[in-house]
Amino acid sequence: MTGQAAEPVFVEVLTDEELSVLAAPGAMPVSPYLRGLDPGIVDAVRRTAYRSLVARGVLDAPTAQAVAAAAASGADEVELMVRQDVRSVVALRAAARVVVAAARATAAGQDFWYAHVVDDVVLIEEVSRDGMHRFALAESARLGQLAVAAVVHPDAGDGAGGGPAVALEGDPGDPTPPGAVLERLGEAFVRADVVVRRPGDTDPPAFALFSGPGGCWVVEAGTRPRSARPVLAEAARSRVVEAVDQVRAEAVTLDRR
């Protein structure tokens, strides 16, 4: 890619169970549909996913010769022939040096967003609650911009920027903004719980953002007592970019050693 950074290019949509056939399991991203299944039916669901991948041309069924060769060598698995674009998705996902992960919630529902960074390429992965993974490719030069667009409301306002913090009460896992914040945001809010990771890190940047036309609030991980600090919309966007840039710089430095 050259010149002005291009918009992300759509690649494919895969389900939880299809990805479980194509890729080794990992801590991220989530598999919300597969995780909720009875363990007793997971193998049957994965077999159905395999048949779907073959029918769609994503996978080529192994030949009799390949199966015989694997058996003769004592191998437990037969190497699958995966369509090139999907093979690239799986490889980029596994090789990422930086991952931006966000669990998003709005009044309409919840989903998950990931950016897997490998050199100058970003693999964007959006995961719905029903386990559909939508993949697209973009330039890493746009990572900060893409992350901001993913986690900050497009019409975010300044609201009570610089005002007093709002105490957070109740379950830390509850995605609903606290009452004082919800009064300002109403139904037009985005909550994003953001983590920026690199391989081997033990203390990645993690924070939550509430944003909407009524204002923006930042919740820093590990702070006690837990509270939402009102900020200007530009400060909310800058918080995202700074976290991304910090971890990318750390990853580059470590890779050069």
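Q: What makes β6 and β7 paired strands?
A: Two strands pair if DSSP finds at least two bridges between them. Strand β6 (residues 121-128) and β7 are joined by seven bridges and run antiparallel, so they count as paired. One of the bridge partners is I124 with A136 in β7. This is a predicted model, in which local features need pLDDT of at least 70 and side-chain atom pairs count only at pLDDT 80 or more, while totals for chains, interfaces and linings use all residues. Residues are numbered from 1 along each chain as its sequence is written, and side-chain values use heavy atoms, with hydrogens and water left out.

Q: What lies between the strands in the hairpin of β6 and β7?
A: Three residues do. In this hairpin, G131 takes a positive phi near 80 degrees.

Q: How do you know that β1 pairs with β7?
A: Six bridges join β1 (residues 9-15) to β7 (residues 132-139), in the antiparallel sense. That meets the requirement of at least two, so the strands pair. T15 stands opposite M132 in β7.

Q: What makes β10 a strand, and how is it joined to β9?
A: Strands are DSSP runs of E with at least two residues, helices are runs of H or I with at least four, and both are numbered from the N terminus. β10 spans residues 206-212, so it qualifies as a strand. Six antiparallel bridges join it to β9 (residues 190-197), with V194 opposite F207 in β10.

Q: Which bridges carry the sheet on from β10 to β11?
A: Six antiparallel bridges link β10 with β11 (residues 215-220). They include S211 with C216 in β11. The two strands form a hairpin with two residues between them. Three bridges then join β11 to β12 (residues 227-231), again antiparallel.

Q: What is the strand order of the open sheet?
A: The ten strands run β1-β7-β6-β5-β4-β9-β10-β11-β12-β8, with antiparallel pairing.

Q: Why do β1 and β8 stand at the edges?
A: Each has a single partner strand, so one side of each lacks a neighbour in the sheet.

Q: Why is β10 called mostly covered?
A: Buried means under 20% relative accessible area, exposed means over 50%, and partly exposed lies in between (1.4 Å probe, protein chains only). Six of the seven residues of β10 are buried.

Q: What makes α6 mostly covered?
A: Seven of its nine residues are buried. They are L143, G144, L146, A147, V148, A150 and V151.

Q: What makes up the largest nonpolar core?
A: A nonpolar core is a set of buried Ala, Val, Leu, Ile, Met, Phe, Trp, Tyr and Cys residues joined through side-chain atoms within 4.5 Å. This one holds 33 residues. V100, W113, V151, V194, V196, L209 and V240 touch the most other members. Helix α8 (residues 233-255) gives the largest share, seven residues. Apart from this core lies another, of 25 residues, among them L14, A49, V90 and V127.

Q: How do you know that R239 sits over the ring of F207?
A: A charge sits over a ring if NZ of Lys or CZ of Arg is within 6 Å of the ring centre and within 35 degrees of the ring normal. The charged end of R239 is 4.2 Å from the centre of the F207 ring.

Q: How many aromatic pairs does the structure hold?
A: Zero. A pair needs ring centres of Phe, Tyr or Trp (its six-membered ring) within 6.5 Å; planes under 30 degrees apart count as stacked, over 60 as edge-to-face and the rest as tilted.
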